[in-house]
Every structure is written in structure tokens, then in C-alpha cells.
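Colleague: Could you take a close look at one part of this model for me? I'd like to hear about the charged side chains and how they pair up.

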Amino acid sequence: MTDRTAAADHLAGYPDIVAAACATGRRLSRDELESRRTEGERAAEAGLPLRGLIRDHLAAAQTLRPAAPSSSDALLSVVEQAVDAFLEGYERAQQQAVRQEEAARREFIDDLLYGGSDLGRLAERAERFGLRLSQAHAVAVAAGPEPYGDGFRVARGIETAVLTRFPGRQILLTTKDGRLICVAPGDQPDVLAFFAKQAYAATDGGRVAIGRSHPGAGGVVHSYEEALSALDIAARMGLDGPVLHAVDLLVYPVLTRDRQAMADLVESTLGPLRTARGGAQPLIDTLTAYFDSGCVATEAARRLSLSVRALTYRLERIHSLTAADPADPATRYTLQTAVIGARLLGWPGDESE
């Protein structure tokens, strides 16, 4: 069936409805309007172009003009009612199709990022959304000061910028749990770097984490989880920099893989600091600044806005309480590892409880 034949089918009954209404000067009835809405839905579902359909409606109305007993204004009014109802049905069908497509896309993204579907079936669905899961992919996750959704201006702007910069690439941009996400082939790090730059600028200082490249559908999940973990680690450790690479932070998951062992190390090494005036946290902050500055007392004092004398007193107090000297290479590593563990575990927590 050609488009012209299909369009003619959707005009069935239209001339009769218009002629009958014009003959008495009445408005179209509820049933007549609903019949036009139904035809509009069917036309949209058939994929017929709207411009041609409207042209056909107007052309059919022209054939009624010589026989219309009422004025041209009456004919125009009835045609307007009929066409408006047809457009309402057409738009309703289109909106329904969009909602169904969005629902399918969201279901696919949930399955892709959480691994909650058969991998073979997931690979088939992925091609519909521009991904080939047979190859390796990496995932970038951007978190800003506020949550973002697919319809947000920020998300749309970043998607437009990335797809314009890399036309024809197999890229998936979406949102999940208020974060912006970009999935790209693992051998195209320039895509994720550009996404990170755009996301940082658009989210007013947000932070982006990029997971490592991994093969297959399960690789997308793995890379996504690495990126999320990197964001969490950065928040706990107070790491600077707008872009984080999971590969640079692998030491932290290793340190906390045996969480109980790390908790034991933290408590046994740093537990005595709880007895200090002001609690353990100021002394942990002192150790953090000291180790982050390469064990240079003057730089650590500057970071803490302390005098070198005050910093030295704190380090001596730490030595006295823990029996571990921060300046001694023999005990420094244990102290530094315990401090990292404390920050990752949120130790000592609220010391007022």
C-alpha cells in the first residue's frame, strides 16, 4: 500500500462528516470528533507524514465548497474542528510512542548498568541504542551539586555537545540516580575526556569519574561500578581534581577489601588518639596534612594554618599516644595506612556519642 493510498484510507468518512455538519450549521458531535481522533492515531502509528495528511484534509474540504449550502465560514469552522481532532489523535499516538520508547530505553539502561538481564539478550537490545557490547567499553559518571534527569537542560546540553563533537560514534548518554553517564568504546578515551570537560563546566564544578575499559556487557557494569567507587573514595578522602580515573585509585579498594582487617588496624593504631584533648579528629587531620605534603612540616603547617611549632607539638603528641613516630620511616607506613583507612571508613565518626 502506498502512502497516498494509506492517507486516503484515513480520510474515510471525513467528507461525509463535514458535509452533514455544514448542511445544518452545527458543530461536530462527540462521536464524530472521536472518530477523527482515532484516525489520527492510526495515521501516526502507520508512520504517515503529518504535512501530507493535513494537505489531503484541506483538498477534500475544497471539493465540498461548491455544494455547501452554508457560508464558507461555516465550512471553515467544521474543517477546523475535524482537523484539530485528527491532530489531537495523531499527537496522542506520538506521545504514547515516545513514552514507550523512553520506558524501553530506561529499562535497557537499568539492565545494562546493574547487570539484571540475560547478557545475550542484552547485547541484542544494545544495538537498538547504538552500542555493540561485543567490544570493550568504559563508563564516565558525572555528579554535580544537584541531581539531574534525562529531560534536564544540563543533560540535554551535554548530550548535544558530545554527539555533535563525535557524530556517528557508538556512544550512549543517559542519567541514573541523578548522575550524568556516558558509555563509550574503550578505545576512544577522547570521548570520555570531552564528556568530562563538558560535564564539569555544565554542572558548575561537578566531579567526573572514569572507570577502566572492560569487555562485554558485564564490562559496562564493572566500569560503571568503578566510576561510582571513585566518586565515593574522592569524597571520603577529600581528593582534589575535577576528573578522577579509577585506575589511579586502585590502591584504595585494595586497602578496604578486607574491611574488618582494616578496621582492626585503624582501631589498634589510632584508637589511643581518642583520649587526646579535642578527640582524635584534629590529630588525624594533622597526620593527613603531614603525609599529603610529603612529610614536610612547614608545608603541612601551612595547609593547617598552624605554626611549625604547633604542628611539631601535635606530631609529638601523636607519637606519645600511639608509640608510632610519624617522622620515622619504620612506623610511618603503618600510620599512613591507618589514616587512609580511617578516612575510608569514616573513623572515628561522631566522638560526642
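Modeller: R212 is partly exposed, with a relative accessible area of 30%. Bear in mind that this is a predicted model. The side chain of R212 forms a salt bridge with that of E226, at 2.5 Å from N to O. E226 sits in helix α9 (residues 216-237), while R212 is in the loop between β4 (207-210) and β5 (214-215), so the pair ties together parts that are 14 residues apart in sequence. Unlike R212, which falls between the 20% and 50% cut-offs, E226 is buried, because its relative accessible area is 11%, under 20%.

That's one of 13 salt bridges in the count. In general, side chains of opposite charge can pair when their charged atoms come close.

Now for a pair within a helix. E34 and R37 meet in a salt bridge too, at 3.1 Å from N to O. Both belong to helix α3 (residues 30-45) and are 3 residues apart, about one turn of the helix. Here R37 is the buried partner, at 16% relative accessible area, whereas E34 is partly exposed at 35%.

Then there's E267 with R274, whose side chains form a salt bridge at 3.5 Å, N to O. E267 counts as partly exposed at 37% relative accessibility, and R274 does as well, at 36%. Back with E34 and R37, salt bridges that share partners link them with E41, E88 and R92 in one network.

As for covalent cross-links between cysteines, the structure holds 0 disulfides. C182 is buried, at 0% relative accessibility, and C295 is partly exposed, at 21%.

Methods. Residues numbered from 1 in each chain as written. Predicted model: local features only at pLDDT ≥ 70, side-chain atom pairs only at ≥ 80, totals over all residues. Heavy atoms only, no water. Disulfide = S-S within 2.5 Å. Buried < 20%, exposed > 50% of the residue type's maximum accessible area, 1.4 Å probe, protein only. Salt bridge = Lys/Arg side-chain N within 4 Å of Asp/Glu carboxyl O. Helix = DSSP H or I, 4+ residues; strand = E, 2+ residues; numbered from the N terminus.
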